[in-house]
Amino acid sequence: MSAALPPAASTAPAGAANAVAESCFDLLMMEIVDLMHRPAAAAAAAAAATRPGATALSEDASSPSAAATATDATASDKEAAYFKLETLGYRVGMAIAERATRDRPRFADNLEIVKFICKDFWISVFRKQVDNLKTNHRGVYVLTDNNFRWFARMSADGPASETSKLAGALANLGIVSVVIAEVSNIPQCTFQIKFRL
């Protein structure tokens, strides 16, 4: 019998595992966005090719009807991809909040929940705390991240995923909310959270 080999991870430098995990996560997020767009575009192209009486050369691509159909399909495809990303982000946010609060006592009030989001949740997702938190003490909180790391390689659909992650995490903590992302100056991003009381 041969001796068992030690796991490969034990021979790696201490910081190497985190660097690999973060880059893999970034690449995974880019592929997810691409994957959400791909099936809808492929289905629209297949539907256009299989229309009765249509051949590859039968309809001029520059005709008004072809342009209108392509625009409608593109808008509908983008909306479908946006909805899929929102749903996925919501589920991921719920799961992250579930795992992060597993061994914690219940939160006493909404402010404690928002502080948890700004510190623990933000660190687990973005590897840093929120840079600024403001509130009007009437159920509206504004979180500002001055260097939102995902803007380096994120598409326009990225904030949709992040707002839905926040909404999912808050829903898991018992808060029904609306989360709006505002990008005024890249890489800064502001998230406005409105609690529904």
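**View 1. F126 at home in helix α3 of the predicted model.** F126 is buried, with a relative accessible area of just 4%. Bear in mind throughout that this is a predicted model. F126 and F148 make a tilted aromatic pair, with 5.0 Å from centre to centre and 55° between the planes. F126 belongs to helix α3, while F148 sits in the loop between β2 (140-145) and α4 (158-172), so this pair ties together parts that are 22 residues apart in sequence. F148 is buried as well, with a relative accessible area of 1%.

**View 2. W122 and its ring partners.** W122 is buried too, at a relative accessible area of 1%. Within helix α3, W122 and F126 are 4 residues apart, or about one turn of the helix. An α-helix has 3.6 residues a turn, so residues three or four places apart point the same way. By the ring-pairing rule, the model has 6 aromatic pairs. One of them is W122 with F126, a tilted pair at 4.7 Å centre to centre and 50° between the planes. Zoom out a little and ring pairs link W122, F126, F148 and F191 into a cluster.

**View 3. Helix α3 with its kink.** Helix α3 covers residues 110-126 and has a kink of about 35°, centred on I117. I117 itself is one of the buried residues of α3, and the others include I113, V114, F116, C118, F121 and V125. Just after α3 comes R127, whose phi is positive, near 65°.

**View 4. T87 on helix α2.** Look for T87 in helix α2, which spans residues 64-100. T87 is partly exposed, and its relative accessible area is 31%. Where does the side chain of T87 reach? The side chain of T87 gets to the backbone oxygen of F83, at 2.9 Å. Another partner to pick out in this view is G168: its C-alpha atom is 9.1 Å from that of T87, although 81 residues separate the two along the chain.

**View 5. T190 on strand β4.** Is T190 buried or exposed? T190 is buried, because its relative accessible area is 16% and the cut-off for buried is under 20%. T190 is in strand β4, residues 189-195. Setting aside neighbours within four places in sequence, T190 is in contact with V142, L143 and T144, and also with I180, A181 and E182.

**View 6. Stretches to treat with care.** The protein averages a pLDDT of 75, and 63% of the residues score at least 70. Over residues 5-10 the pLDDT is below 50, and that stretch has 0 contacts in the model beyond near neighbours in sequence. Residues 54-70 also stay under 50 in pLDDT, and for them the model has 10 contacts beyond four places in sequence. Where pLDDT is low, the predicted coordinates should not be read in detail.

**View 7. Stepping back to the whole chain.** The secondary structure comes to 4 helices and 4 strands, and from the N terminus on the elements run α-α-α-β-β-α-β-β. Of the 197 residues, 30% count as buried. Among contacts with a separation of 6 or more, 58% come from residues 24 or more positions apart. The protein exposes about 12500 Å², and carbon and sulfur atoms supply 60% of that area.

Definitions and conventions
Residues numbered from 1 in each chain as written. Predicted model: local features only at pLDDT ≥ 70, side-chain atom pairs only at ≥ 80, totals over all residues. Heavy atoms only, no water. Helix = DSSP H or I, 4+ residues; strand = E, 2+ residues; numbered from the N terminus. Buried < 20%, exposed > 50% of the residue type's maximum accessible area, 1.4 Å probe, protein only. Polar contact = N/O pair within 3.5 Å; in protein donor to acceptor, adjacent residues only side chain to side chain. Contact = heavy atoms within 4.5 Å. Bend = angle between axes of the 7 residues up to and from the residue. pLDDT = per-residue confidence, 0-100. Phe/Tyr/Trp six-rings, centres within 6.5 Å; stacked < 30°, edge-to-face > 60°. Areas by Shrake-Rupley, 256 points an atom, 1.4 Å probe, with all protein chains shown as cover.
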